[in-house]
Amino acid sequence: MILFAGDPHGSFDHLYPFLKNQQDVALVILGDLQLTTPEPLEKLAQLADLWFIHGNHDSKTVEAFEALWGTEWKQRNLHGRVQNIQGKRVAGLGGVFRGQIWMPPNKPMFFDPIHYCQYCSQERIWRGGVPLRHRTSIFPSDIEVLETQQADILICHEAPKPHPSGFAVINQLAEKMGVQQIYHGHHHENFDYADAKKPYQIINVGFRSLCDEAGRYLYVGVDDRGV
């Protein structure tokens, strides 16, 4: 069984009841883990085969960044690759579109992080690369890496169309990869895609929500934080 978790924003307690009673379960978190330490990942990994992608909040602070990329857990980030999980090929696209890099359908400002750094002032370089904020920005190169591969499921933080804040480039990626499902986070309201006329199922797993691999909500979180 694969379970898909919407943006935890630092709180994971709601997940444990669903994991404790299951065997051979994989948990895929759809970004915005917003950690301060990797301890929650260690606890979840005792109950499930744990995977994730990053969201925009995962480079909001150095602590959040370090908890994912500064530890062995970075190997569990599905961004930019296809991983076999419970017999399904799962592709990951973490991060968000930002106008300083690329805001589709507009032309991208930079193709990849190296291109960005070539034109970035030295005082903005962070740890030899792009600024902390842009460690969770989507570059065209991220799409290019995935679009020649095949997958059953695409997980992303950003939404595809027809979400009002979605991006057609994600739909195009899904079609090139031949996926059957898209699971995304970022938008906290559990948007209903029932009327979407697409050759694949789209599921918005909202704030601290949980879905199974059939797209059924097992738990729906309530966002009272105004984020």
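In which sense do strand 1 and strand 9 pair, and over how many bridges? To answer this in the viewer, select residues 2–5 for strand 1 and residues 210–212 for strand 9. The two strands are antiparallel and are joined over 3 bridges. The model on display is predicted, and this tour proceeds from one selection to the next.

**First stop: the sheet around strand 1**

Within the selected pair, F4 stands opposite C211 of strand 9. Extend the selection to the whole sheet: it is open, has 5 strands in the order 3-2-1-9-10, and its pairing is mixed. At its edges are strand 3, residues 49–52, and strand 10, residues 217–219, and each of these pairs on one side only. Neighbouring strands in this sheet are turned by 25° against each other on average, with direction ignored.

**Second stop: helix 3**

Select A64, F65, A67 and L68, which are the buried residues of helix 3. On which side of helix 3 do they lie? They lie on the same side, because the arc that they cover around the axis is only 160°. A general point about helices applies here: an α-helix has 3.6 residues a turn, so residues three or four places apart point the same way. To see what these buried residues pack against, add helix 2, residues 39–45, and strand 3 to the display.

**Third stop: H54**

Now select H54, in the loop between strand 3 and helix 3, the latter spanning residues 62–69. Is H54 buried or exposed? The relative accessible area of H54 is 4%, and a residue counts as buried under 20%, so H54 is buried.

Next, show the surroundings of H54. Setting aside residues up to four places away in sequence, H54 touches G31, D32, L68, W69, N77, H79, G94, G95, R135, T136 and H157. Of these contacts, N77 deserves a separate selection. H54 and N77 are 23 residues apart in sequence, while their C-alpha atoms are 7.3 Å apart in space. Their side chains are joined by a polar contact of 3.1 Å.

**Fourth stop: the second open sheet**

Select strands 4 to 8. They form an open sheet of 5 strands in the order 4-5-6-7-8, again with mixed pairing. Strand 4 and strand 8 stand at the edges; each has a single partner strand, so one side of each is left without a neighbour in the sheet. Here too, neighbouring strands are turned by 25° against each other on average, direction ignored.

The pairings can be followed across the sheet:

- Strand 4, residues 82–85, runs antiparallel to strand 5, and 4 bridges join them. I85 has K88 of strand 5 as its bridge partner. The two strands form a hairpin with 2 residues between them, and Q86 in the turn has a positive phi of about 50°.
- Strand 5 and strand 6 are parallel and pair over 4 bridges. The bridge partner of L93 in strand 6 is C156.
- Strand 6 and strand 7 are likewise parallel, with 4 bridges. I155 has Y183 of strand 7 as its bridge partner.

Then add helix 6. This helix lies across strand 4, strand 5, strand 6, strand 7 and strand 8, and it runs at about 155° to strand 6.

**Fifth stop: the nonpolar cores**

In soluble globular proteins, nonpolar side chains tend to be buried together. Which residues of the largest nonpolar core touch the most other members? Of its 28 residues, these are L93, L154, I170 and I182. Strand 5 (88–93), helix 5 (140–147), strand 6 (153–156) and helix 6 (168–177) each supply at least two residues of this core. Helix 6 provides the largest share, 5 residues. A second, separate core has 20 residues, including L27, I29, L35 and L50.

Return to L93 and display its surroundings. Apart from neighbours within four places in sequence, L93 is in contact with I53, H79, I138, D142, I143, L146, I155, C156, H157, I170 and L173.

**Last stop: H188**

Finish by selecting H188, in the loop between strand 7, residues 181–184, and strand 8, residues 201–204. H188 is buried, with a relative accessible area of 14%. Show D7 and H9 as well. The side chain of H188 is joined to that of D7 by a polar contact of 3.5 Å, and to that of H9 by a polar contact of 3.4 Å.

Notes:
Residues numbered from 1 in each chain as written. Predicted model: local features only at pLDDT ≥ 70, side-chain atom pairs only at ≥ 80, totals over all residues. Heavy atoms only, no water. Pairing = 2+ DSSP bridges. Axes fitted to C-alpha atoms, helices over the stretch in contact; angles between N-to-C directions. Buried < 20%, exposed > 50% of the residue type's maximum accessible area, 1.4 Å probe, protein only. Contact = heavy atoms within 4.5 Å. Polar contact = N/O pair within 3.5 Å; in protein donor to acceptor, adjacent residues only side chain to side chain. Core = buried A, V, L, I, M, F, W, Y, C linked by side-chain atoms within 4.5 Å. Arc of directions from axis to C-beta.
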